[in-house]
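Q: I'd like a close look at the salt bridges in this one, please. Could you set the scene first, spell out the terms as you go, and then show me what lies around them?

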Amino acid sequence: MRTHGDDIAEIFSLLGIRPKWQKENHRVTGVELIPLSELGRPRIDVTIRISGFFRDAFPHLITLLDDAVNMALDADEPVEQ
């Protein structure tokens with residue numbers, strides 16, 4: 001609420017993840033991995049510290065963050081990139 005989603009966008013960007021948008025209402029429906037060839041840099045590890053209020057108020061964002069982290073972690077890419 002306070003950052004208008006800037007913090008979530010930064011986490012996605014560092015991980016090399018982009019949101020998938022629903023065209024009709026401009027809501028985020030999921031996430032997708034940006035290929036390294038398009039990203040042009042290595043993925044960057046992030047540490048996320050979430051308050052209990054944020055967790056309780058935005059459970060859908062917690063799910064999207066979990067999906068994004070797992071997607072980046074499970075990517076079939078060379079470790080050195």
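A: Let's start with the outside. The accessible surface of the chain comes to about 6,200 Å², and 53% of that belongs to carbon and sulfur atoms. These areas come from the Shrake-Rupley method with a 1.4 Å probe, and for residues only the protein chains shown count as cover. A quick word on what you're looking at: this is a predicted model, where local features need pLDDT of at least 70, side-chain atom pairs count only at pLDDT 80 or more, and totals for chains, interfaces and linings use all residues. Residues are numbered from 1 along each chain as its sequence is written, and side-chain values use heavy atoms, with hydrogens and water left out.

Next, the layout. The chain has 4 helices and 2 strands, in the order α-β-β-α-α-α along the sequence. Helices (H or I, at least four residues) and strands (E, at least two) are DSSP runs, numbered from the N terminus. The C-alpha trace spans about 35 × 30 × 20 Å along its principal axes.

Now for your salt bridges. The term means a side-chain nitrogen of Lys or Arg within 4 Å of a carboxyl oxygen of Asp or Glu. Searching the whole structure turns up 4 of them. Let's zoom in on Arg 18. Its side chain meets that of Glu 32 in a salt bridge, at 3.4 Å from N to O. Arg 18 belongs to strand E1 and Glu 32 to strand E2, 14 residues apart, and the pair links distant parts of the chain.

Arg 18 also forms a salt bridge with Glu 38, where the closest N and O atoms are 2.3 Å apart. Glu 38 is in helix H2 (residues 36-39) and Arg 18 in strand E1, so this pair ties together parts that are 20 residues apart in sequence. Put the three together and you get a network of salt bridges: Arg 18, Glu 32 and Glu 38.

How open is this network to the outside? Here's the scale: buried means under 20% relative accessible area, exposed means over 50%, and partly exposed is in between (1.4 Å probe, protein chains only). Arg 18 has 25% relative accessibility, so it counts as partly exposed. Glu 32, at 29%, is partly exposed, and Glu 38 gets that label at 49%.

Elsewhere, Asp 56 pairs with Arg 55 in a salt bridge, with 2.9 Å between the closest N and O atoms. Asp 56 is exposed because its relative accessible area is 55%, while Arg 55 is partly exposed at 47%.

Let's step over to Arg 43, in the loop between H2 and helix H3 (52-57). With a relative accessible area of 15%, Arg 43 is buried. The side chain of Arg 43 makes a polar contact with the side chain of Glu 77 at 2.6 Å. A polar contact is a pair of N or O atoms within 3.5 Å; within protein, one must be able to donate a hydrogen and the other to accept it, and residues adjacent in sequence count only if both atoms are side-chain atoms. The Arg 43 side chain also reaches the backbone oxygen of Gly 16, at 2.9 Å.

Back to the strands for a moment. The loop between strand E1 (17-22) and strand E2 (27-33) holds His 26. Its phi is near 60 degrees, a positive value in a residue other than glycine. His 26 counts as exposed, at 62% relative accessibility.

Finally, the nonpolar side of the story. A nonpolar core is a set of buried Ala, Val, Leu, Ile, Met, Phe, Trp, Tyr and Cys residues joined through side-chain atoms within 4.5 Å. The largest one here has 13 residues, and those with the most contacts inside it include Phe 12, Val 31 and Ala 68. Helix H1 (6-15) and helix H4 (59-73) each supply at least two of its residues, and the largest share, 5 residues, comes from H4. Leaving out residues up to four places away in sequence, Ala 68 touches Phe 12, Leu 15, Ile 17 and Val 31, where a contact means heavy atoms within 4.5 Å. In soluble globular proteins, nonpolar side chains tend to be buried together.
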